[in-house]
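Biologist: I have some questions about the terms you use for this model. Take me through the reasoning, one label at a time.
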2 protein chains.
Amino acid sequence: MVPHAWYNALPELGLTLPPDIGGQSRLARAKGMQVPASLLRQEMSTRRWIPIPEPVREHYLGWRPTPLRRASAFERSIGTNSRIYYKYEGGNLSGSHKLNTALAQAYYYKKAGARCLTVGTGAGQWGTAVAAACSVFGLECRVYMVRSSAEAKPYRPALMRMLGAEVISSPSPRTEAGRRAVAEGDDQGGSLAIALAEAVEDTTEPHTHFCAGSAETYSLLHQTVIGLEAIEQLKAAGEHADVVVASLGAGSNLGGLVLPFLSDLVEGGRPRCVSVESTACPKLTRGRYAYDYVDASGSIMQKMFTLGSTFVPPDMHAGGLRYHGTAKLVSALYDQGLLEARAYGQRSVFSSAAEFARCEGVLPAPESAHAVHAAALEARRADDEGREDCVVLGLSGHGLLDLAAYDSFSSGAMLDAVADDAAIARALDRLPSRPDARRAVTVD
Amino acid sequence: MVPHAWYNALPELGLTLPPDIGGQSRLARAKGMQVPASLLRQEMSTRRWIPIPEPVREHYLGWRPTPLRRASAFERSIGTNSRIYYKYEGGNLSGSHKLNTALAQAYYYKKAGARCLTVGTGAGQWGTAVAAACSVFGLECRVYMVRSSAEAKPYRPALMRMLGAEVISSPSPRTEAGRRAVAEGDDQGGSLAIALAEAVEDTTEPHTHFCAGSAETYSLLHQTVIGLEAIEQLKAAGEHADVVVASLGAGSNLGGLVLPFLSDLVEGGRPRCVSVESTACPKLTRGRYAYDYVDASGSIMQKMFTLGSTFVPPDMHAGGLRYHGTAKLVSALYDQGLLEARAYGQRSVFSSAAEFARCEGVLPAPESAHAVHAAALEARRADDEGREDCVVLGLSGHGLLDLAAYDSFSSGAMLDAVADDAAIARALDRLPSRPDARRAVTVD
């Protein structure tokens, strides 16, 4: 039941993604990142199926197939006649879907001769997943974690340390980037941009590589195990999905669930696919499809739906939804009309998620909570329109290490975080113009 | 596969438990506790099977049967030829086995007319379980949580509040017991004894009852779903348990797993059953089988293995193993030679548990970690003696809300907590003597 191959959606969808444009620090990237050729080949493959290496699949079997459960109690509680299923990815030790690709990446890096992976992490899910994957494949792991996040969520670094990783609060005195950040400003709380820069810099030892994260096209590929399993599980339950709903951070969770549902693997017609973002960071619903920097370092540009790399979302609990942009593959799906998009405020999101937790006994991560809320609204909309839909939602991770966020909701202190019109306009104004005029090189 | 009845071991084992002896506050108990007759009848039943009420079983189906998994990667890691299986009870929202009885108790209290349950909790597992059960059956819930514990583990009260419970840090100004504790001493950190006293006192509103906890004989009965499922699952796997291992707090986890294995439901002979406690609170291995108070209030005495109700264990991370005594049913098993006992220090325990987590992807609660360690030792002992045993361990809960304890281990700061000889001797000296001479009433 665990797939033997990942699903590469590009050939079937007939999509060719706009090429990346490398910026001034391309050299630094080439030195520090050194993505294994095996991973880059996957991005460019025209094959529909990419075999999952046996050692990776063997570890998948430790927690996969993940359950697809019907949320019957939640259905009753919200009073819908529609059926809501959730695909639960929080049952592994790292607590989220990110382990699906972290494990694959660690495998390929190890095979390419790596001994140590460095990684930058904000809320901590990605760092935890890479720490777990490195533990599995006997790699060292150094995680640069945004200091304010590490202090607000002390259990995250504790879990990474238990997995054998070294966790460094960023900005740190270890790297030039960290020292500069400390010297330059009072922002000792750090940012993901600084943490990433530190992790990239800390690769001078031999066989030490920076592990890029979860927005790459190959990450989306590895995540397709989610959707592939869900399709098979729905079939076994005699169901056909009418709507598939997932939250959008950079795109690996959404892509992993949705891409297989857009293929001919689904009999009886494609479901509607819905992306859910936060009103605090509404890149699909209020952003622009344009070339923009993938991070604050100004190194690489991709064509994507973006609010601008200088956009800073207001405070919000779903740290994983704060990314200003969108994976280029997900951006292309939205551009092609294969995806709908919604944005919701966190108070209504947590209200639905708390109700879901009480009914179903599973506490959604703040990110996944957005999909829970959207699924509830889709189910009710079907009721209003006289249908009984089958709604499938991606529950990408558990929220047990995010209980402070739930407490803020329970106590009534939570505010709805909504991106400021002027802030969006300002950041969009600063989008790089005429990218082809830059000293740029097309890399794929 | 989820049992339709709980297993009452007393008739088959031919055990009659020594009667309780009520102390001076029996009246207070009778007023405040008002345990429903349905629960008390279960304790005195001579029937082998007690049917699980349909509404309780329906909720069990939300997360039961719980998985019995083989820990193959852990076996390889510790290099044993024996087989280790773990029965995992951490998959429900409350995170431990305690929900099995909390749900049953909430059901019977509700049926007896209760509208609100009050509860005292130390580490928080019992409070979380009752909060979850009250949420299911539409009861209000007020949890008095030891202040130092609530501050050290803020996610525990957050989870209870998310479940709709009111959480009060104890000692509190709400009750006479709390005010007295504040006035009398500097111990604002509180204790389980004070929290329990506050919860008992806070039952003056109509239909408000104190929910006694997890050491009662009826709690052990409700927990037998664990062992009953495990026996069936082992059979399906073609296995026969040679050793069954569980950690001992008060006894509900241990009893729930072990009792069915002592019955004729197991073909091919009884396995050895092993209780695992902490060297910080070694009631079976270093205590006495005697009448002692069940809590610090001096209200009720039971015949049990105890270190004395005045014994205070040294600081340790497995808060659930700090209870000075032992459920009377478990005490009787040990007295009859049906149970072996081991005590281990927390450093070796966490070392095994961290290894287990890295191998199996499941993080044991500090309490359950003791059983993991003992199971590893049993497996290796079998190797040494030329056998390949089947070892079954009870993994009673997850440790995701206890990551500070793991961090203390990872950083090397953890000390082994061992009970002081003199402290044990002093507390045993203070055991009540000649209980029959007291103004006592036998209650069952």
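Modeller: This is a predicted model. Start with Thr224(A), which sits in helix α12, residues 217–236 of chain A.

Biologist: Why is Thr224(A) called buried?

Modeller: Its relative accessibility is 0%. Buried means under 20%. Therefore Thr224(A) counts as buried.

Biologist: Which residues is Thr224(A) in contact with, leaving aside its neighbours within four places in sequence?

Modeller: Trp6(A), Tyr7(A), Gly256(A), Leu259(A) and Pro260(A). The cut-off for contact is heavy atoms within 4.5 Å.

Biologist: What makes the pair of Thr224(A) and Tyr7(A) a polar contact?

Modeller: The side chain of Thr224(A) reaches the backbone nitrogen of Tyr7(A) at 3.0 Å. The limit is 3.5 Å between N or O atoms, with one able to donate a hydrogen and the other to accept it.

Biologist: Where is Trp126(A) relative to Thr224(A)?

Modeller: The two are 98 residues apart in sequence. In space they are 17 Å apart, C-alpha to C-alpha.

Biologist: Now Gly14(B). Why is Gly14(B) classed as it is, buried or exposed?

Modeller: Gly14(B) has 59% relative accessibility. Exposed means over 50%, so Gly14(B) counts as exposed. Its place is the loop between α1 (9–13) and β2 (21–22) of chain B.

Biologist: On to the two chains. How do you know how the copies are related?

Modeller: A turn of 180° and a shift of 0.0 Å along the axis lay chain B on chain A, with an RMSD of 0.0 Å. The two copies are thus related as by a two-fold rotation axis.

Biologist: What makes you say that the copies meet through the same surface?

Modeller: In chain A, too, 100% of the interface residues of chain B are interface residues, so the surface is the same. Each side is counted: 26 residues from chain B and 26 residues from chain A. About 2,300 Å² is buried between the chains, and carbon and sulfur atoms give 64% of that area.

Biologist: Why is the pair Arg161(A) and Asp407(B) called a salt bridge?

Modeller: Their side chains meet at 2.8 Å, N to O. The rule asks for a Lys or Arg side-chain nitrogen within 4 Å of an Asp or Glu carboxyl oxygen, so the pair qualifies. The count between chain B and chain A is two salt bridges.

Biologist: Which helices of chain B each supply at least two residues of the side that touches chain A?

Modeller: α9 (155–162), α16 (346–360) and α18 (403–410). The residues on that side of chain B divide into 16 nonpolar, five polar and five charged.

Key: Residues numbered from 1 in each chain as written. Chains lettered and ligands numbered in written order. Predicted model: local features only at pLDDT ≥ 70, side-chain atom pairs only at ≥ 80, totals over all residues. Heavy atoms only, no water. Helix = DSSP H or I, 4+ residues; strand = E, 2+ residues; numbered from the N terminus. Buried < 20%, exposed > 50% of the residue type's maximum accessible area, 1.4 Å probe, protein only. Least-squares fit on C-alpha atoms with pLDDT ≥ 70 in both. Buried area = accessible area lost by both parts, 1.4 Å probe. Nonpolar A, V, L, I, M, F, W, Y, C, P; charged D, E, K, R; others polar.
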